[in-house]
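Good morning, colleagues. Please take a moment with the sequence and the structure before I begin.

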Amino acid sequence: MPRYLPICLNLEGRRVVVVGAGHVGTQKVRDLRDCGALVHVVSPRASEEVRRLASEGRITLAERRYREGDISGAFLVVVATDDPETNAAVYAEATAAGQLVNVCDDPPHSNYIFASRIERGPLTVSIFTHGTSPAFARRVRRELEAWLGPEYGELAELLAELRPQVKA
């Protein structure tokens, strides 16, 4: 089992390709957009939300099957399809190009994984099990969410405001 390094990526303005636009792909698009990524989606079928984001110009969408070259130039690749052949093709292309790729729910074919997370303003707590049990990570997240109230987000925002004064 690989050991993953918890790391936070700055995706602001970076090209990210999501292959697949069902429930999981749509959630990934939402998360990536929230981080400022330039999201391009390739999927023969897209959720209403993904279509809406594309029509608003907030993402780009190729409503068709994945083709070799679709991930060219991407900083990050997310594969969220239920088609093993497509998943394998994207993984192989991304790996050959040295790109960061995640095939959702398939850690052996991913060189990064997504953590379960809690967000309270600028405070983010990530929980993961190195891909061994995402369901357990979600359970721990739910338990911590009950304990980690909104006041932690407010405190984090206050500390962010005070930091420049303290550093000076």
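**Arg117 and the nonpolar cores**

Let me begin with Arg117, which belongs to strand E6, spanning residues 116-120. Please keep in mind that this is a predicted model.

Is Arg117 buried or exposed? Neither term applies: Arg117 is partly exposed, because its relative accessible area is 31%, and the partly exposed class runs between 20% and 50%.

Which residues does Arg117 touch, once neighbours within four places in sequence are set aside? They are Asp31, Thr124, Val125, Ser126 and Arg141. With Asp31 there is also a polar contact between the two side chains, at 3.1 Å. The side chain of Arg117 forms a further polar contact, of 3.3 Å, with the side chain of Glu119. As for Ser72, it is separated from Arg117 by 45 residues in sequence and by 29 Å in space, C-alpha to C-alpha.

I turn now to the nonpolar cores. The largest nonpolar core has 18 residues, and the members that touch the most others are Val18, Val29, Leu32, Val39, Val41, Val50 and Ile59. Two or more residues of this core come from each of strand E1 (15-21), helix H1 (23-34), strand E2 (38-46), helix H2 (48-55) and strand E4 (76-79).

Consider Val41 as an example. Beyond four places in sequence, Val41 touches Val18, Gly20, Ala21, Val29, Val50, Ile59, Thr60, Leu61 and Ala62. Ala62 also appears in a second, separate core of 13 residues, with Val17, Ala74 and Val77 among the other members.

In soluble globular proteins, nonpolar side chains tend to be buried together. Thank you for your attention.

Note on methods: Residues numbered from 1 in each chain as written. Predicted model: local features only at pLDDT ≥ 70, side-chain atom pairs only at ≥ 80, totals over all residues. Heavy atoms only, no water. Helix = DSSP H or I, 4+ residues; strand = E, 2+ residues; numbered from the N terminus. Buried < 20%, exposed > 50% of the residue type's maximum accessible area, 1.4 Å probe, protein only. Contact = heavy atoms within 4.5 Å. Polar contact = N/O pair within 3.5 Å; in protein donor to acceptor, adjacent residues only side chain to side chain. Core = buried A, V, L, I, M, F, W, Y, C linked by side-chain atoms within 4.5 Å.
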